[in-house]
Amino acid sequence: MSFIKDIINLFYFKKIEKKYKRIFFFENKFIENHLIPYITKNNRNDQTLIISLYTIDNSKFDNYKIITIKNLFILEIFFLILKIKYVYSSTPDLNNSIFKKSIFNKSKYIYLQHSPLSLRIIYTNKAFINFDIIFVINTFQEKDVREINYLFGKKIKLWRKNYLFTKNQIFTKDENHIKKILLAPTWGTDFYKKNLHYKIKDICSNLNLQLELRPHYMSYKKKEINLNKIFKDFKINDGKLNFNSIDVLITDWSGIYLEYAYLINKKCILINSTQKVLNNNIDYKQENYLDNIARKALGYQFDPNDIDKISKKIKLLIQKNLNDEIEITNFFKRNFY
């Protein structure tokens, strides 16, 4: 039934396609949260269509047309016969996955960031070469695009703009809230393999602080964690981020620490698990990329073998540090738009 419904949705889309000037591709709920600000910013609901790989909560998108296609083969056909002028996504690997460019060559493909990190380290070598425009939020990502253009003979245009996603992540602070630590590792490292989440849990319990774990959705997909065990042993973050309710953020190589530092003006604890590098064709030292440079300015780094030493730093981070705030502010002024 789902296959038939997807075919019906495909024909329905072609019937109404001419009414729309731009389309947003929602690959998953994680991406959804990053695309919402760009969809609703100009309130052009009469010109905007959403294509999704999963069922979306329509209440978030009043008056926006949403088409759901869950079958990957049908979705690939959808993209191949697309004629809408502007295609926005935060899904890389255009033309190297089911996310294909249209055979009609009438569409411009625009990449919107869901991470402030490097476009050359945490993505594959050719992840962005087929986009027409790439939205960059800092000088490092701008250098990444220029490097991609040089290496592959491309003329990808830059769209410099501030990071809209972060503006949705701060809410009114509750001064009486329980002191909370958010543990938010990324995927593709050895963080879970080394059971670092359990070691941090033990440290936090000894400090009498509430700990929430926020696994990356890819950690579920790649089965880096045992779902039954993780839900039994940890309080899992529900996916909603109110940075003002987080007193200490602990991560490894996730870009969440840049977002947190930007909004809260507070450093984070960074565990030096094995770094996730998906691009083995980098010509320059990794130390020259944002992923490594920002860690020195915005966080306190700990090797896995020294993880027992983070308790002292956690106690200090419960309170804000003026020197930290100045260093963080200056870093973002120098490097972010």
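**Close-up views of a predicted model**

**View 1. Strands β8 and β11 of the predicted model run parallel and are joined by three bridges.** Strand β8 spans residues 180–183, and strand β11 spans residues 248–251. Within this pairing, Leu183 has Ile250 of β11 as its bridge partner.

**View 2. Six strands make up an open sheet with parallel pairing.** The strand order is β10-β9-β8-β11-β12-β13. At the edges lie β10 (235–236) and β13 (299–302), each of which pairs on one side only.

**View 3. Helix α8 lies across three strands of the model, β8, β11 and β12.** The helix comprises residues 256–264, and β12 comprises residues 268–271. Relative to β11, helix α8 runs at about 160°.

**View 4. Phe13 and Phe78 form a tilted aromatic pair.** A pair of aromatic rings is described by the distance of the centres and the angle of the planes. For Phe13 and Phe78, the centre-to-centre distance is 4.3 Å and the angle between the planes is 45°. Phe13 belongs to helix α1 (residues 2–16) and Phe78 to helix α3 (residues 72–80), so this contact between rings ties together parts that lie 65 residues apart in sequence. Both Phe13 and Phe78 are buried.

**View 5. Phe135 and Trp159 form a tilted pair of rings.** The ring centres are 5.2 Å apart; the planes meet at 45°, and the pair is therefore classed as tilted, the class for angles that are neither under 30 degrees nor over 60. Because Phe135 lies in strand β6 (residues 133–136) and Trp159 in strand β7 (residues 157–160), the pair ties together parts 24 residues apart in sequence. Which of these residues is buried, and which is partly exposed? Phe135 is buried, with a relative accessible area of 0%, whereas Trp159 is partly exposed at 28%.

**View 6. Ten named aromatic residues form one cluster, namely Phe13, Phe25, Phe78, Phe79, Phe99, Tyr109, Tyr111, Tyr123, Phe128 and Phe131.** Phe13 and Phe78, the tilted pair of View 4, are among the members of this cluster. A search of the whole structure finds 22 aromatic pairs.

**View 7. Two lysine side chains place their charged ends over phenylalanine rings.** The charged end of Lys83 sits over the ring of Phe104, at 4.6 Å from the ring centre. In the other example, the charged end of Lys201 sits over the ring of Phe234, and the distance to the ring centre is 5.1 Å.

Conventions
Residues are numbered from 1 along each chain as its sequence is written. This is a predicted model: local features need pLDDT of at least 70, side-chain atom pairs count only at pLDDT 80 or more; totals for chains, interfaces and linings use all residues. Side-chain values use heavy atoms; hydrogens and water are left out. Two strands pair if DSSP finds at least two bridges between them. Helices (H or I, at least four residues) and strands (E, at least two) are DSSP runs, numbered from the N terminus. Contact means heavy atoms within 4.5 Å. Axes are lines fitted to C-alpha atoms, for helices over the stretch in contact, and angles run from 0 to 180 degrees between N-to-C directions. Rings of Phe, Tyr and Trp (its six-membered ring) pair if their centres lie within 6.5 Å; planes under 30 degrees apart count as stacked, over 60 as edge-to-face and the rest as tilted. Buried means under 20% relative accessible area, exposed over 50%, partly exposed in between (1.4 Å probe, protein chains only). A charge sits over a ring if NZ of Lys or CZ of Arg is within 6 Å of the ring centre and within 35 degrees of the ring normal.
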